[in-house]
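Work through the exercises below with the sequence and the 3D view at hand. Try each task before reading its solution.

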Amino acid sequence: MQFTTLSVTAERHIATVTLNRPDVRNAFNETVIAELTGAFRALGDTPEVRAIVLTGNGPAFCAGADLNWMKKMAGYSDDENRADALTLAQMLHTVWVCPKPVIARVQGDTYAGGMGLVAACDIAVASATANFCLSEAKLGLLPATISPYVIRAMGEQAARRYFITAERFDAAEALRLGFLHAVVPPQDLDEKVAEIAATLAGNSPNAVRESKRLVQEVAGREIDSDLLADTANRIAAIRASEEGREGVRSFLEKRAPAWKPQ
């Protein structure tokens with residue numbers, strides 16, 4: 001695929017998607033949204049890719065909506081606004097359901113829709129110098145399309161505060177809230193992300209994919225007979241899979257499994 005707002009590279013089973021509009025702090029517009037959707041669909045369907053790193057070029061990870069795009073939206077009809085908002089919602093969902101694990105490498109400030117993008121990823125690692133803000137209320141807006149992911153990431157109580165105050169908070173607070181999984185000094189960010197990506201690439205691709213689905217589909221469900229049957233069916237199916245059998249054999253034979261990168 002050819003991109004104008006992204007840079008996409010791949011090496012040793014790990015793809016890196018970089019938001020590449022540093023002059024506007026990697027803000028969203030309709031092109032960014034379309035290209036992110038296309039990139040994640042394509043990478044999700046690429047067997048050689050086992051993990052995806054999402055990051056930004058320049059001092060900011062993502063500043064939310066592009067101002068010129070927002071000016072254009074101000075003249076939209078109700079139907080046009082709904083259609084436009086739905087494309088953003090669908091892009092975030094594409095990242096969320098991508099069959100490959102996604103690591104957010106947050107090298108700089110992350111505002112509004114950018115926080116939704118981080119929350120849609122599976123693992124989020126940030127530089128200690130990054131700041132965060134759900135700034136929509138300052139502009140008379142609300143973080144609607146990103147809310148399903150942000151609320152899951154930071155919890156209902158924290159979302160209640162930051163959605164309505166639009167306060168800025170630092171990486172340490174984002175870590176405390178559970179929005180981030182790790183915070184490291186700027187000079188250690190690449191090493192930490194590479195370490196996690198290599199770990200993901202070394203695990204069973206099928207087990208990683210199904211584990212991601214497991215969390216999404218089990219979280220919040222009532223623990224009842226239906227859930228017990230569902231989880232039993234899942235483990236039975238993966239035990240009988242090719243990678244499941246190979247994983248057990250390799251463990252018993254004290255050797256690396258066939259899927260392990262050389």
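The exercises go from the whole chain to single helices and residues of this predicted model.

**Exercise 1. The whole chain**

Task: Work out whether the radius of gyration of the chain agrees or disagrees with that of a compact globule.

Solution:
- Step 1. Start with the length. The chain has 262 residues, and a compact globule of that length would have a radius of gyration near 18 Å.
- Step 2. Take the value for the chain, which is 19 Å.
- Step 3. Compare. The chain agrees with the globule value, because 19 Å stands against an expected value near 18 Å.
- Step 4. Add the outer dimensions. Along the principal axes, the C-alpha atoms fill a box of roughly 65 × 45 × 35 Å.

**Exercise 2. Inventory, burial and surface**

Task: State how many helices and strands the chain has, what share of its residues is buried, and what its surface comes to.

Solution:
- Step 1. Count the elements. The chain holds eleven helices and ten strands.
- Step 2. Look at burial. Of the 262 residues, 45% count as buried.
- Step 3. Look at contacts. Take those with a separation of 6 or more; 70% of them join residues 24 or more positions apart.
- Step 4. Turn to the outside. The accessible surface is about 13700 Å², and carbon and sulfur atoms account for 55% of that area.
- Step 5. Place the charges. There are 28 positive and 32 negative ones, and their mean positions lie 4 Å apart.

**Exercise 3. Two helices, α3 and α9**

Task: Compare the span of each helix with its expected span, then find what covers the buried residues of each.

Solution:
- Step 1. Take α9, residues 205-218. Its 14 residues reach 20 Å from first C-alpha to last, close to the expected 20 Å.
- Step 2. Take α3. Its 20 residues reach 28 Å, close to the expected 28 Å.
- Step 3. List the buried residues. In α9 they are Asn206, Val208 and Lys212. In α3, they are Asp84, Leu88, Met91, Leu92, Thr94, Val95 and Trp96.
- Step 4. Find the cover. Over the buried residues of α9 lie, among others, α3, β5, α8, α10 and α11. For α3, the cover includes α1, α2, β5, α4, α5 and α9.
- Step 5. Put the lists together. α3 is part of the cover of α9, and α9 is part of the cover of α3.
- Step 6. Follow the chain past α9. Just after the helix, Gly220 takes a positive phi of about 85 degrees.

**Exercise 4. Positive phi outside glycine**

Task: Locate Arg12 and Lys254, and decide whether each is buried or exposed.

Solution:
- Step 1. Check the backbone. Arg12 is not a glycine, yet its phi is positive, about 50 degrees. Lys254 is not a glycine either, and its phi is about 55 degrees.
- Step 2. Find the places. Arg12 sits in the loop between β1 and β2. Lys254 sits in the segment after α11.
- Step 3. Classify Arg12. Its relative accessibility is 57%, so it counts as exposed.
- Step 4. Classify Lys254. Its relative accessibility is 77%, so it also counts as exposed.

**Exercise 5. Sequence distance and space**

Task: For Ile14 and Val125, give the burial class and the contacts. Then set sequence separation beside distance for Ile14 and Arg50, and for Arg249 and Glu80.

Solution:
- Step 1. Take Ile14, in strand β2. Its relative accessibility is 19%; the cut-off for buried is under 20%, so Ile14 counts as buried.
- Step 2. List its contacts beyond four places in sequence: Thr9, Ala51, Val53, Ala197, Ala198 and Ala201.
- Step 3. Take Val125, in strand β7. At 0% relative accessibility, Val125 counts as buried.
- Step 4. Name its contacts beyond four places. They include Ile103, Ala104, Val106, Leu189, Val193 and Ile196.
- Step 5. Pair Ile14 with Arg50. They are 36 residues apart in sequence and 6.0 Å apart, C-alpha to C-alpha.
- Step 6. Pair Arg249, in helix α11, with Glu80. They are 169 residues apart in sequence and 56 Å apart in space, C-alpha to C-alpha.
- Step 7. Classify Arg249. At 40% relative accessibility, Arg249 counts as partly exposed.

Notes: Residues numbered from 1 in each chain as written. Predicted model: local features only at pLDDT ≥ 70, side-chain atom pairs only at ≥ 80, totals over all residues. Heavy atoms only, no water. Helix = DSSP H or I, 4+ residues; strand = E, 2+ residues; numbered from the N terminus. Expected span 1.5 Å × (residues − 1). Buried < 20%, exposed > 50% of the residue type's maximum accessible area, 1.4 Å probe, protein only. Contact = heavy atoms within 4.5 Å. Rg over C-alpha atoms; globule rule 2.2 N^0.38 Å. Areas by Shrake-Rupley, 256 points an atom, 1.4 Å probe, with all protein chains shown as cover. Lys, Arg positive; Asp, Glu negative; His and termini not counted. Charge placed at Lys NZ, Arg CZ, Asp CG, Glu CD.
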